[in-house]
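Here are my notes on this one, as numbered points. Have the model open while you read.

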Amino acid sequence: MVLSSNWLNLVKSDESVKSSKKKKNDVSKKKRSTKPSAKVKKGNVEDRKGAAGVIKPKNSSKIMDMVATMNREIEKVEKERSTKRPSEASDGADSVLKQKLTEDIATNKSSRTNEVGKYIAMDCEFVGVGPEGKENALARVSIVNYYGNVVLDLFVRPEEPVTDWRTWVSGIKPHMMANAVTKQECQKQVANVLNGRILVGHSVHHDLAALMLSHPRKMIRDTSRHMPFRQKYSEGKTPSLKKLTKEVLKLDIQEGEHSSIEDARATMLLYKSDKLEFEKLHNKQFGGP
């Protein structure tokens, strides 16, 4: 209500005051008696809106939630282990391994999650060139760090005319090539990131071959060749990244168009989910990282 110099006239009598109070009470009763609105069904857009009303992407948010949760759990476990004496943690070589992994985690605290770090995961996407688009051409390279943060994400200009963009699976569209780099520039940038670091990937030798790069085998952790995964989830054969992510992480990826960033994050999560066993088997084969 807008106040004026005559406002006293409106509350002059007791009857006016009582009438005003009665109206307020009636309004309050109506509000209390109003039925709650029907709940929004799961899967509706409203269910995926945050506090600011922004729709959250389903797959990417699940992956990043998993990244954050796993990082917290790893830091918690490794912090508990670091308070124990080596003899309490385990014996012999296994004790040394756990102590080393604890040191690795300790040097990658949350304040450093945006740094490249010691471990990186890489994934590539391809488009089709040549007759009927049956030949592969590198079109995108994505690299994330141990915590799932993007280190490098490059669109690569194919050297031959693209005859099949394979958008339904690659996620690549023609307009994405507006700021694409040459394959040579991509090789240079990727090589700089790989230098001296442990590379995590799924059938990562295919990605390296497409980039025409090499990396020491002792510096590679390939989730497609991890024997515990192969034996448990694929009867000794090579499991797909989609299958492993579903079975191990309980997450669905590659639903429709792929994302090399999402796939790289999923690969790193798979490695971290069984890191001790990865390193134990790797040390038996190569005698060290």
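1. Start with a pair you can click on: F126 stands opposite L138 in strand 2. The two strands involved, strand 1 and strand 2, pair in the antiparallel sense over 10 bridges; pairing here asks for at least two DSSP bridges between the strands. Strands are DSSP E runs of at least two residues, helices are H or I runs of at least four, and both are numbered from the N terminus.

2. Before going on, the ground rules. This is a predicted model, in which local features need pLDDT of at least 70 and side-chain atom pairs count only at pLDDT 80 or more, while totals for chains, interfaces and linings use all residues. Residues are numbered from 1 along each chain as its sequence is written, and side-chain values use heavy atoms, with hydrogens and water left out.

3. The overall tally: the chain has 12 helices and six strands. Of its 289 residues, 37% count as buried, where buried is under 20% relative accessible area, exposed is over 50% and partly exposed is in between (1.4 Å probe, protein chains only). The accessible surface comes to about 17900 Å², with 52% of that belonging to carbon and sulfur atoms; the areas are Shrake-Rupley values with a 1.4 Å probe, and for residues only the protein chains shown count as cover.

4. How much of the contact list is long-range in sequence? Among contacts in the chain with a separation of 6 or more, 61% come from residues 24 or more positions apart. A contact is heavy atoms within 4.5 Å.

5. Back to the hairpins. Strand 1 (residues 119-129) and strand 2 (residues 135-145) form a hairpin with five residues between them, and G130 in the turn has a positive phi of about 80°. Strand 2 then pairs with strand 3 (residues 150-155), again in the antiparallel sense, over five bridges. R140 has F155 as its bridge partner in strand 3. That second hairpin has four residues between the strands, and G148 takes a positive phi near 85°. As for cover, nine of the 11 residues of strand 2 are buried.

6. Next, the parallel part. Strand 1 and strand 5 run parallel, joined by three bridges, and I120 stands opposite L199 in strand 5. Strand 5 also pairs with strand 6 (residues 220-222) in the parallel sense over three bridges, with D222 in strand 6 as the bridge partner of G201.

7. Is strand 5 (residues 198-201) covered on one face or both? Both: I198 and V200 on one side, and L199 and G201 on the other, are all buried. Strand 5, helix 8 (residues 204-211) and strand 6 make a right-handed β-α-β unit; right-handed means that, with the strands pointing away from the viewer, the path from the first strand over the helix to the second runs clockwise.

8. V190 is worth a look. This valine is in helix 7 (residues 183-194) and counts as buried because its relative accessibility is 0%. Leaving aside neighbours within four places in sequence, V190 is in contact with M122, V141, I143, L152, L211 and L213. V141 is 49 residues away along the chain, yet the C-alpha atoms of V190 and V141 are separated by 8.4 Å.

9. On the aromatics, a search of the whole structure finds six pairs. One of them is Y146 with Y147, edge-to-face at 5.5 Å centre to centre and 80° between the planes. Rings of Phe, Tyr and Trp (its six-membered ring) pair if their centres lie within 6.5 Å, and planes under 30 degrees apart count as stacked, over 60 as edge-to-face and the rest as tilted. Both Y146 and Y147 are buried, and they belong to one aromatic cluster with Y119, F229, Y233, Y271 and F278.

10. K272 joins that picture. Its charged end sits over the ring of Y146, 4.3 Å from the centre, and also over the ring of Y147, 5.5 Å from the centre. The test is NZ of Lys or CZ of Arg within 6 Å of the ring centre and within 35 degrees of the ring normal.

11. Finally, two backbone entries for your check list. R166 has a positive phi near 55° without being a glycine; it lies in the loop between strand 4 (162-164) and helix 6 (167-170) and is buried, at 14% relative accessible area. K250, also not a glycine, has a positive phi near 60°. K250 sits in the loop between helix 10 (241-249) and helix 11 (260-273), and counts as exposed at 61% relative accessibility.
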